Each structure stands twice: as structure tokens, then as C-alpha cells.
Amino acid sequence: MPSVTLDRFILENEHAHPGATGELSELLMRFGVAGKRIARELAVAGLAKELGTAGTTNVSGEQQKKLDLLANEILLEAFDYGGLVSTAASEEMEEPYIYTRNAEKGRYAILFDPMDGSSNIDVNGTLGTIFSVRRRQLGGDADLLRSGREQVAAGYILFGPATLFVYTSCEGVHLFTLEPSIGEFLLTKRSVRMPARGKGYAANEGRSAGWPASVRAFTEWLKEKDPEMGRPYSTRYSGSLVADFHRILLEGGIYYYPPDSSTGKSRGKLRLLYECHPLALVADQAGGRASTGLEAILDVVPESLHARVPFAIGSMAEVALYERFVRNEAPS
Ligand code: AFP
């Protein structure tokens, strides 16, 4: 049985950095606490009649589930004391939440997708929370509308058969598993490396009619028979980016959500600040890559808080190929 808890691991890493204030450590540990609370709510949601829609829509026009809102509340509350965070921005809130007492002194701004894959809520499927941490600069939205390379930490909590906490503070990616009987996340894998190449792809191929021809061609290429090159690839798509990304982090492969003209999503569906930047940092730190097809996701600066972006993430080999297809440089 592993015995290094998330808190101990974070604190030991902090001690390796003389001069660290401990604030980032405290902040990451609070994401851990929020993750445990959300996991508990998910475990009893069906019994407590907390499944189903809340009757509201978010800024992107998507129906909000009761658990989207509950997870959002839990996360906001986790940072409501201690003076660490000045601002929280969420996929579920039109405007950022300002912690008024800390607006001027909180050194960090946080961003999150509280319940990623919410179509899985009502069927007891895998869900996730994605988070990103930035330094507060001048305060206000301008602090958030910046490149992904300015994130100081990012990660996700995966709610599946086990609850996992995966994070990076730009020194590798580390994976923890919740041991429910003691209520602690225990270190399961230090310095996770994503395989350089995989065997699977994750995409909502039912929508391929609306994709650019280059992405359709890439998908057909993945399905061609070529045993020497490891083709055909297998499809694995769950409706939860966190779940699909986690498989790819461990086994390699690629997830993509391209522009989709059939549903009017000319910039794709995924939100840059709440989903793409944080997972791109995790991928980058694990030796993988995330791309729009034309540029690294980490280099993209959003025009607005809820900006969407075409997104591909995964192993170096598959993401590089995706980019070649998008640039019309496909292998012959
Ligand atoms: P929600 O968090 O709004 O449920 O969206 C989930 C998601 O952003 C991502 O987790 C999935 O991979 C993707 O959308 C699923 O979208 P489609 O249903 O269009 O395939």
C-alpha cells in the first residue's frame, strides 16, 4: 500500500524550493479537498436526487446539471478563506468570481471546469474536474486572457471507479488515488510519462460530416490497415475529456475535437481556459503535446474568457501527424 499522501508530497516538493511561500502548496491541497467533497457528492447524487438538469444554461448556452452547479459551489468555497486567491473563473459562470476580501492580496487566480463530461452524470459514467492556476497580475480579466505558458500549475480530478488526482506544478506530472477508508489521496505514480505513440483515438466521429476534410482524412488514415505502422487504431470515446485524456496519458494516442460546421462550432467545442490550457500543460509536462492543428495550445491567447478552440491532444507522434494533415502535408 503506497503511503505518501498528496499533502506530504506537495509539502516535500515545496521544501525542495527554498524561498517558496507555501501558498501554491496550500492552494493545490485545497483542490484535493474539493475533489474529495465532489467525489462524495457524486457517490450519493442518485440517492439524494441530485441528478438531472438544474433548469439553467451556462454562458455557452448548454443546459446546466445540478451537479455542475454543486461542484462549482464546492470549488468556490474551497478558496473562500486564507487569502490565497483573488479571482476564480469557471466554465459555469459568465463572469469571474472575485473574492472581495482577497481581491488585492490574493496572489493567485484559478480557473476550472467543475464537472467535465456532464452528459455522463445521469448514467453513472466517468466525470472530471479540470483546474488551472495563474498568478494574479493587475487583477481583472486581463490576468486570465493570457497564454497557457503562464500557468503555474494545472491538473484534474477523475471520478471513475477510483477517484484520481493528477497535477503538475511544472515539475512533472504526478498521479494520486483516493483511498476512501482514510480519505487521503495516495501517491500512485510519480513523474508520469505519456507514451510517444499510442494505438487509440478519441473523437466524436458521429459528427465527422461537419469536420474539415483534413481531419476526416486523418481519421480515415488511422483506420487503414497497416500492421507495421500499428494501424488500424482503436476508437475509445467516453464523452468526458478527462476520462479520454487520462487513458491517453497512460497508454498514448490522441483525442481531438475539431471545428464542426454541422453544429455551428466553427472553433470547436472545448474551452481554451478551462479545458484546453490546463490539460495541455499536463500533456506537455508528461512529454506529450496539444495543438489546434496549426499551433501549440499553450501559445494560444484567448480573446475572451469562454473562447473555444480546435483541440488535439496526446502522444507526440499522433499529434504531429494530426498537424501534418491539417496543414495538408499528409503522408502519402
Ligand atoms: P460538458 O463538460 O459540457 O459536458 O462537455 C464535455 C466536453 O467538453 C468534453 O469533456 C467531451 O469530450 C466533449 O465535451 C463531448 O462533446 P460531444 O458530446 O459533442 O462529443
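Two strands count as paired if DSSP finds at least two bridges between them; strands are DSSP runs of E with at least two residues, helices are runs of H or I with at least four, and both are numbered from the N terminus. This is a predicted model, so local features need pLDDT of at least 70 and side-chain atom pairs need 80 or more, while totals for chains, interfaces and linings use all residues. Residues are numbered from 1 along each chain as its sequence is written, and side-chain values use heavy atoms, with hydrogens and water left out.

**Exercise 1. The eight-strand sheet**

Work out how β6 and β7 pair, then place them in their sheet.

*Step 1.* Take β6 (residues 127-135) and β7 (residues 151-159): they pair in the antiparallel sense over eight bridges.

*Step 2.* Pick one bridge to fix the register: Ser 132 has Ala 154 in β7 as its partner.

*Step 3.* Now zoom out. The strand order is β4-β3-β5-β6-β7-β8-β9-β10, an open sheet with mixed pairing. β4 (97-98) and β10 (184-189) sit at its edges with a single partner strand each, so one side of each has no neighbour in the sheet.

*Step 4.* Check the loop between β8 (163-168) and β9 (173-179), where you'll find Cys 170. Cys 170 isn't a glycine, yet its phi is positive, about 70°.

**Exercise 2. The five-strand sheet**

Which strands are at the edges of the open sheet of five strands, and how do β11 and β13 run?

*Step 1.* Write down the order: β12-β11-β13-β15-β14, again with mixed pairing. The edges are β12 (234-235) and β14 (289-291), each pairing on one side only.

*Step 2.* β11 (residues 200-202) runs parallel to β13, with two bridges joining them. Ala 202 stands opposite Tyr 255 of β13.

*Step 3.* Look at the loop between α4 (213-223) and β12, home to Pro 232. The peptide bond from Arg 231 to Pro 232 is cis, with omega near 5°.

**Exercise 3. The hairpin**

Describe the hairpin formed by β1 and β2.

*Step 1.* Three bridges join β1 (residues 53-57) to β2 (residues 63-65), and the two run antiparallel. Thr 57 stands opposite Gln 63 in β2.

*Step 2.* Five residues lie between the strands, and Gly 61 in the turn has a positive phi of about 85°.

**Exercise 4. The ligand**

Which residues are closest to the ligand, and which polar contacts can you list?

*Step 1.* Count the shell: 19 residues surround the ligand (a heavy atom within 4 Å). The closest are Asp 116, Tyr 237, Leu 241, Tyr 255 and Tyr 257.

*Step 2.* Map the shell onto strands: β5 (108-116) and β13 (254-257) each supply at least two of its residues.

*Step 3.* List polar contacts, meaning N or O atom pairs within 3.5 Å. A ligand oxygen lies 2.7 Å from a backbone N or O atom of Leu 241. A polar side-chain atom of Tyr 257 is 2.6 Å from a ligand oxygen. For the side chain of Glu 275, the distance from an N or O atom to a ligand oxygen is 2.8 Å.

*Step 4.* Finish with burial: alone, the ligand exposes 480 Å², and the protein buries 88% of that (Shrake-Rupley, 1.4 Å probe).

Key:
Polar contact = N/O pair within 3.5 Å; in protein donor to acceptor, adjacent residues only side chain to side chain.
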